[in-house]
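The following exercises concern a predicted model. Each consists of a task and a solution worked in steps.

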Amino acid sequence: MSQYLRDRWGTDRGFPGGPVYAITQTTDGYLWIGTEKGLVRFDGLNFLLIQHANNPSLPAGPILGLAADADGNLWIRQRNPSLLRYRNGKFEDALPELERKEVGITDRKSVV
């Protein structure tokens, strides 16, 4: 094991602490961490707790799930029934775009 490098990143190195529920990496290289305290961004050196006070479109509370897509978007799941997307430096509610409109179905039976 001596040939492997190991670093520990805890509260003594800037991590805000608390339970971690999710981790993902976006195409820009940032690690995103979903914690009890909220959303944390890690650039390889520094942790940044992204708070509701500075980003009103990000509701306060724990982050339970994270996913990154090929377009560089970060998808965020909280305890409440919502789905947020972080893209182009902004948090936005993604559910309205994903809701399906009512679709009509018809039966195409032929009459013989």
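**Exercise 1. Describe the hairpin formed by β5 and β6, including its turn and its pairing.**

Step 1. Five positions define the connection: β5 and β6 form a hairpin with 5 residues between them. Within the turn, G72 adopts a positive phi of about 90°.

Step 2. The pairing of β5 with strand β6 (residues 74–78) is antiparallel and extends over 5 bridges. In this pairing, A67 stands opposite W75 in β6.

**Exercise 2. Place this hairpin in its sheet and determine which strands stand at the edges.**

Step 1. The sheet is open, has 4 strands in the order β5-β6-β7-β8, and is paired antiparallel.

Step 2. An edge strand is recognised by its number of partners. β5 (63–68) and β8 (90–93) each have a single partner strand, so one side of each is left without a neighbour in the sheet.

Step 3. As for the twist, neighbouring strands of this sheet are turned by 25° against each other on average, direction ignored.

Step 4. At the β8 end of the order, strand β7 (residues 83–87) runs antiparallel to β8 and is joined to it by 4 bridges. Here R85 stands opposite E92 in β8.

**Exercise 3. Characterise N88 by its location, backbone conformation and accessibility.**

Step 1. N88 belongs to the loop between β7 and β8.

Step 2. Its phi is positive, about 55°, although N88 is not a glycine.

Step 3. The relative accessible area of N88 is 76%. Exposure requires a value over 50%, so N88 is classed as exposed.

**Exercise 4. Analyse the second sheet, whose order is β1-β2-β3-β4.**

Step 1. This open sheet of 4 strands also shows antiparallel pairing.

Step 2. β1 (20–25) and β4 (47–50) occupy the edges; each has a single partner strand, so one side of each is left without a neighbour in the sheet.

Step 3. From one strand to the next, the twist averages 20°.

Step 4. Strand β3 (residues 38–42) pairs with β4 in the antiparallel sense over 4 bridges. One of the opposed positions is R41, which faces L48 in β4.

**Exercise 5. Examine the surroundings of T35: is T35 buried or exposed, and which residues does T35 touch?**

Step 1. T35 lies in strand β2.

Step 2. With a relative accessibility of 0%, T35 counts as buried.

Step 3. Its side chain makes a polar contact, reaching the backbone oxygen of G38 at 2.8 Å.

Step 4. Leaving aside residues up to four places away in sequence, T35 touches F15, P19, V20, Y21, V40, P62 and I63.

**Exercise 6. Work out the aromatic arrangement around W32, Y86 and F91.**

Step 1. A pair of aromatic rings is described by the distance of the centres and the angle of the planes. The count of aromatic pairs comes to 5.

Step 2. For W32 and Y86, the ring centres are 5.3 Å apart and the planes stand at 55°, so the pair is tilted. This pair links distant parts of the chain, with W32 in strand β2 (residues 31–35) and Y86 in strand β7, 54 residues apart.

Step 3. For Y86 and F91, the centres are 4.5 Å apart and the planes are at 40°, so this pair is tilted as well.

Step 4. To judge burial, the limit is a relative accessible area under 20%. W32 at 2% counts as buried, Y86 is buried at 18%, and F91 is buried at 7%.

Step 5. Ring pairs join Y30, W32, Y86 and F91 into a cluster. The charged end of R41 sits over the ring of Y30, 4.2 Å from its centre. R41 has already appeared in Exercise 4, standing opposite L48 in β4.

**Exercise 7. Summarise the protein as a whole: how many helices and strands does it have, and in what order do the elements run?**

Step 1. The protein has 1 helix and 8 strands. From the N terminus on, the elements run β-β-β-β-β-β-β-β-α.

Step 2. Of its 112 residues, 29% count as buried.

Step 3. Consider the contacts between residues at least 6 apart in sequence: 33% of these join residues at least 24 apart.

Key
Residues are numbered from 1 along each chain as its sequence is written. This is a predicted model: local features need pLDDT of at least 70, side-chain atom pairs count only at pLDDT 80 or more; totals for chains, interfaces and linings use all residues. Side-chain values use heavy atoms; hydrogens and water are left out. Two strands pair if DSSP finds at least two bridges between them. Helices (H or I, at least four residues) and strands (E, at least two) are DSSP runs, numbered from the N terminus. Axes are lines fitted to C-alpha atoms, for helices over the stretch in contact, and angles run from 0 to 180 degrees between N-to-C directions. Buried means under 20% relative accessible area, exposed over 50%, partly exposed in between (1.4 Å probe, protein chains only). Rings of Phe, Tyr and Trp (its six-membered ring) pair if their centres lie within 6.5 Å; planes under 30 degrees apart count as stacked, over 60 as edge-to-face and the rest as tilted. A charge sits over a ring if NZ of Lys or CZ of Arg is within 6 Å of the ring centre and within 35 degrees of the ring normal. A polar contact is a pair of N or O atoms within 3.5 Å; within protein, one must be able to donate a hydrogen and the other to accept it, and residues adjacent in sequence count only if both atoms are side-chain atoms. Contact means heavy atoms within 4.5 Å.
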